[in-house]
Structures are given as C-alpha cells and as structure tokens.
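This briefing goes through one structure by topic, beginning with a single side chain and widening to the chain as a whole. Please keep the model open while reading, so that each item can be checked in place.

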Amino acid sequence: MLEPILVEDSTPTKLVPSLEGILKDLKEDATHHDYFVALLIVFLAESGFYNSSSNKNNPQCRPLRSLHIPEHWKSEETGIYDVRFQLAACPDMSCKLIAIPCGDKLILNLFPILDKKKTYSMCVQTLMYIKPFLSNLSGRYMNLQAISHRFKDNLVTPVRTDLLIESQLMGPSLQCLPTELILKIVSMLSLEDVTHMAQCCLKFHSFFTKSLLNELYTRTK
C-alpha cells in the first residue's frame, strides 16, 4: 500500500508523515485547538506556504516531512495563535494566520501582508475534526478531507492568488492569467458574460470597463 502524501489521504490507522512529524512538537497537555492549528500548518505547507522562521532564505527546500511547530506560535496570555508564512513561489511575499479561540470554536483569519490586504475568515468547531485524548495518534483526527477542502478553498487559495497577482506570477485562477490570454477569453464571451465578469473583483472591474466600452462601440457601429 502506498504511503499517503496529502493529509486528506490519511487513514484511521496511518497519518500522513508530515502531520505525524509535526505532532511530535506538541506538548503532552496540548489542547484540541493546538492539534487543529498544527493541522492547518500542514495544509498551508501542502499549498506552498512555509513558516517564515523555518527557512528565511529558501523555503522551497523545506520538505513536508520536516515541518515543525513555530516558536511563540501561541500567546500564553490570550491563547491566540499568530503565525507568519511565506509563499515558496514568491518568498518575498508573506501572509499571516491568526486563530482566535472562542470556546470549542476557532475563528480563523488568513490574510496576505499587502498594502490593500483582504482578510479571509472562517469559523471552525474543532471537535468535529479532533479527538485529542485518544491513545492512537492517527485516530485523533477525523473528517480530514472535508476540512482540507474547506480551509484551502475558502482561505488558502484566495490568499495565494492575491500574492501571485501582486508578484505578477501565474496562478491557479483567471485573475493570474496573462493579459493576452484574458483578452482572448473575453473575445469569445457574450457582452452579458463580460459584464458579469466585471463584477467579480476590482481588477476585472477596472480591466473590463474599457473593454466593455470598446465592445459596445463596436457592436453599435
């Protein structure tokens, strides 16, 4: 049987090595929130994000198996988690994960460190995914595929897209495509579809305003 690579491929009897490795850094009195934020660090690493203190010069060389709990990742006074990450594709860009405990829930905030930053947030009931007191380490996690997709889709991918756009690099979204490709796609759409695209984000709004005017002018001639 092949060894699992992504966290969501873990089984009730076998954790992915990256998650199993980072859990060794947790103290014996670790809470369910500690286990959950450790999980998020692995999710971020799977998406190309590495803790800034791990390797400032070359985060790409940090394999998933070598992940560690960052120093000072949690405030002893407030219990708030505050961890900074770099994106391996553009190491000059970074983001922050702020996780705020609220009873058995965690308020997660992930945002790129940019001038015009946007914060992406979600609330998680950690006990839906963590059973911290089971003796079997692999049995302490459940519903991993669901939380992996939810966290990556709602927080990680938007932040990654923002950073790639700021760095003018290709990314996994329409916004990150080269201008020439975007214009080619737009040329095959109806005026109504282009109008809808212009409502998706500020970049498309400013980008398509001129295109829409030109389109209207061309079609009315």
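With a relative accessible area of 40%, Lys131 counts as partly exposed, and its place is in the loop between strand 5 and helix 3. The coordinates belong to a predicted model, and every value below is computed from them.

**The loop between strand 5 and helix 3**
- Once neighbours within four places in sequence are set aside, Lys131 is in contact with Gly139, Arg140 and Met142.
- Lys131 also stands 9.0 Å from Tyr35, C-alpha to C-alpha, although 96 residues separate the two along the chain.
- Asn143 belongs to the loop that runs between strand 5 (120-125) and helix 3 (144-166), and with a relative accessibility of 43% this residue is partly exposed.
- The backbone of Asn143 has a positive phi of about 55°, although the residue is not a glycine.

**A second positive phi**
- As general background, most residues other than glycine have a negative phi.
- His72, which is not a glycine either, has a positive phi of about 55°, and this residue is located in the loop between strand 1 (49-51) and strand 2 (81-87).
- Because its relative accessibility of 72% is over the 50% cut-off, His72 counts as exposed.

**Arg150 and its contacts**
- Arg150 is part of helix 3 and is partly exposed, its relative accessible area being 30%.
- Beyond the residues up to four places away in sequence, Arg150 touches Met122, Cys123, Val124, Tyr129 and Leu155.
- For one of these partners, Met122, the separation from Arg150 is 28 residues in sequence and 9.2 Å in space between C-alpha atoms.

**Cysteines**
- How many disulfides does the structure hold? The count is 0, and Cys102 is accordingly in no disulfide, with the nearest cysteine sulfur, that of Cys123, lying 7.0 Å away.
- Why does Cys123 form no such bond? The closest cysteine sulfur to that of Cys123 is in Cys102, and the 7.0 Å between them is too far for a bond, given that a disulfide requires two cysteine sulfur atoms within 2.5 Å.
- Cys123, which is also among the residues touched by Arg150, is partly exposed, with a relative accessible area of 36%.

**The second largest pocket**
- The second largest pocket encloses about 330 Å³ of space, and its lining is made up of 13 residues.
- Which lining residues lie nearest the centre of this pocket? They are Lys27, Asp29, Asp34, Trp73 and Lys74.
- By residue class, the lining of the second largest pocket comprises 7 charged, 5 nonpolar and 1 polar residues.

**The chain as a whole**
- The protein chain contains 6 helices and 5 strands, and these elements follow one another from the N terminus in the order α-α-β-β-β-β-β-α-α-α-α.
- Of its 221 residues, 44% count as buried, while the area that the protein chain exposes comes to about 12600 Å², with carbon and sulfur atoms supplying 54% of it.
- When contacts in the protein chain are restricted to residues at least 6 apart in sequence, 51% of them join residues at least 24 apart.

Terms used:
Residues are numbered from 1 along each chain as its sequence is written. This is a predicted model: local features need pLDDT of at least 70, side-chain atom pairs count only at pLDDT 80 or more; totals for chains, interfaces and linings use all residues. Side-chain values use heavy atoms; hydrogens and water are left out. Buried means under 20% relative accessible area, exposed over 50%, partly exposed in between (1.4 Å probe, protein chains only). On a 1 Å grid over the protein atoms alone, a cavity is a set of points where a 1.4 Å probe fits but cannot get out, and a pocket is an open set with protein on both sides within 12 Å along at least five of seven lines; lining residues have an atom within 4 Å of a point. Grid points are joined across faces, edges and corners, and a volume is the space filled by probe spheres set on the points. Ala, Val, Leu, Ile, Met, Phe, Trp, Tyr, Cys and Pro count as nonpolar, Asp, Glu, Lys and Arg as charged, and the others, Gly among them, as polar. Helices (H or I, at least four residues) and strands (E, at least two) are DSSP runs, numbered from the N terminus. Contact means heavy atoms within 4.5 Å. Accessible areas come from the Shrake-Rupley method with a 1.4 Å probe; for residues, only the protein chains shown count as cover.
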